[in-house]
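Let's take a stroll through a protein model together. Have a look at the picture first, then read on.

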Amino acid sequence: MPQFIHKYRLALIVSLLLLAGFALRTFFVYQNSRHQIRESIIEQGLPLTGDTIYSEINKDILRPIFISSLMAHDTFLKDWIINGEGDVTQINRYLKEVKDKYGTVSSFFISEKTRRYYYGNGVLKTISEKDHHDVWYFRARAMKTDYVVDVDSDEANRGRLTVFINHRVVDSNGKFLGITGVGLTIDKIASFVHEYEKRFNRHIYFADKQGNLVLTGVGQQLKNISGLSNYVGTILSADKMRAPLRLEYVKNQHNMLLNVRYIPDLSWYLLVEQDETEALAGLNRDLVLQMATSTPVLLLILAIIIITIQKNQNQLNHLVSTDALTGCLNRHAFLARIPAWKKRFQRTSKAPQVLLVDLDHFKNINDQFGHLEGDAVLKHIAHLLQEEAHTNEMVVRWGGEEFLLFLQRPDQVEATAERLRKRIASQEIRLGSHPLKITASIGATEWQAGESLDHVVARADIALYEAKHGGRDQVCVR
Ligand SMILES: Nc1nc2c(ncn2[C@@H]2O[C@H](COP(=O)(O)OP(=O)(O)OP(=O)(O)O)[C@@H](O)[C@H]2O)c(=O)[nH]1
């Protein structure tokens with residue numbers, strides 16, 4: 001494993017850098033997009049929805065509040081009450097005209113004195129403290145403010161859910177005369193809110209000061225909305241804040257963003273909620289898609305880089321380890337390989353054979369035919385020696401026309417060297433039109449266990465010297 005790491009170190013470093021760069025870039029782009037989506041929801045989406053709903057509510061509810069106020073201050077109405085509620089057709093006509101003129105779904109007056117409920121078509125009923133339908137009147141009667149907005153079913157309108165503006169009527173001395181006002185169906189507001197919810201994938205709630213949901217989801221309470229129970233107190237304090245309140249909470253393992261604003265005219269809280277996890281789903285899908293498409297491309301680039309680096313490295317290794325002219329190992333590469341080579345052959349019982357081969361009278365060839373032809377002879381002999389060598393054996397260019405062979409053979413060292421000498425001597429090399437015979441002297445020995453490289457090479461050198469002085473074209477063993 002460490003050898004593998006060493007061999008592919010450059011490729012591994014480049015791959016890791018590329019992967020790290022890709023991962024970092026993806027991470028930062030994702031974080032940035034996530035931040036932008038989140039900011040746009042918090043800073044723009046939710047407040048803008050709140051603004052729009054708020055102005056729509058104002059448009060739809062503040063006008064009826066204004067109408068109710070006009071009615072409560074109308075001198076005709078007050079005089080008619082103070083004069084004993086005589087001609088009922090007059091009040092009916094008045095209420096009908098208000099209803100038709102302003103397009104409300106109902107208009108009404110309840111007299112404190114007679115407890116009669118007047119509307120456009122006559123007297124609807126006489127209200128009673130015992131009737132639970134009439135509780136609202138006694139609540140409105142006790143209120144400190146001029147009016148209150150109530151969401152209730154309308155008995156004069158087949159029980160439709162209606163927003164009532166209940167306005168107190170008092171005489172010039174401040175004596176309470178009754179409650180008047182108009183009602184409007186919440187269908188329009190509800191459908192507007194619903195459309196907004198659908199279009200922007202947001203939830204919109206309205207809550208009163210007690211934390212009851214109004215307008216939509218009537219009958220429920222804020223504390224029952226999943227994830228919100230811990231924040232009811234904070235939400236109901238939004239009326240004391242200048243700016244809309246921002247909250248973040250977890251609902252069914254989804255991160256929710258909430259914007260709360262108070263509508264003072266209605267004493268309601270408007271809550272706009274968005275599921276951030278859902279809003280980020282598109283981004284997460286994009287991330288997966290990006291990974292799925294760019295990973296194969298990245299792997300392909302990595303493979304190309306690794307192959308190119310490896311190819312170049314192999315070429316470089318070859319260049320630095322071999323002799324340029326003959327293709328044999330050079331001294332430097334040989335010395336680097338020898339420890340591993342020695343270790344491998346120490347395990348076998350037969351000692352490695354070391355042959356120092358030196359061409360005879362090579363100087364004459366150079367002198368006679370020139371250096372280029374001399375090179376060609378060197379190449380030829382080097383090729384022959386490499387052919388002779390088996391796998392795991394080494395042929396080193398030791399000097400100018402001197403080659404050192406490290407062999408592992410079952411034969412006697414002398415037999416090996418002699419066979420090689422004969423093969424060299426039997427060569428006929430053509431230099432231009434001249435056939436040339438060449439011979440070599442060989443100093444041969446065996447590498448004994450525990451012996452140093454210098455020692456064995458020196459012995460081979462002595463053997464070679466003896467071969468040269470013995471007349472050349474011969475083998476000497478030491
Ligand atoms: N063409 C060529 N000649 C080389 C190269 N390297 C060394 N030589 C030559 O090889 C010759 C070696 O000469 P010597 O050392 O006198 O040996 P020799 O002539 O072979 O004689 P002996 O070894 O005594 O038989 C010299 O002329 C060197 O210039 C080479 O790469 N190319």
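UniProt positions are given here in the numbering used for this model, with feature names shortened, and such annotations may be inferred rather than shown by experiment. In an unreviewed entry, UniProt lists residues 287-309 as "transmembrane region". That span is 100% helix and 0% strand, and its end C-alpha atoms lie 31 Å apart. Helices (H or I, at least four residues) and strands (E, at least two) are DSSP runs, numbered from the N terminus.

Keep in mind that this is a predicted model: local features need pLDDT of at least 70, side-chain atom pairs count only at pLDDT 80 or more, and totals for chains, interfaces and linings use all residues. Residues are numbered from 1 along each chain as its sequence is written. The mean pLDDT (the predictor's confidence in each residue, from 0 to 100) is 88, and 96% of the residues reach 70 or more.

Now for the sheet. It is open, with 5 strands in the order S13-S14-S12-S17-S18 and mixed pairing; two strands pair if DSSP finds at least two bridges between them. Strands S13 (394-397) and S18 (475-477) stand at the edges with a single partner strand each, so one side of each has no neighbour in the sheet. S13 runs antiparallel to S14 (residues 402-407), joined to it by 4 bridges, and Val396 stands opposite Leu404 in S14.

Two helices meet this sheet. Contact means that C-beta atoms, placed from the backbone, lie within 7 Å. Angles run from 0 to 180 degrees between N-to-C directions, with axes fitted to C-alpha atoms, for helices over the stretch in contact.

| Helix | Strands met | Angle to S17 |
|---|---|---|
| H13 (residues 413-425) | S12, S14, S17, S18 | about 165° |
| H14 (residues 453-469) | S12, S17, S18 | about 145° |

What about the inside? A residue is buried if 20 or more other C-beta atoms lie within 10 Å of its own, exposed if 12 or fewer, and partly exposed in between. A nonpolar core is a set of buried Ala, Val, Leu, Ile, Met, Phe, Trp, Tyr and Cys residues joined through C-beta atoms within 7 Å. The largest one has 59 residues, with Phe206, Ala207, Tyr269 and Leu271 making the most contacts inside it. Helix H2 (residues 9-72) gives the largest share, 8 residues. Another core, of 36 residues, lies apart from it and includes Phe403 and Trp447.

Finally, meet Ala279, in helix H8 (residues 276-279). Ala279 counts as buried because it has 21 C-beta neighbours inside 10 Å.
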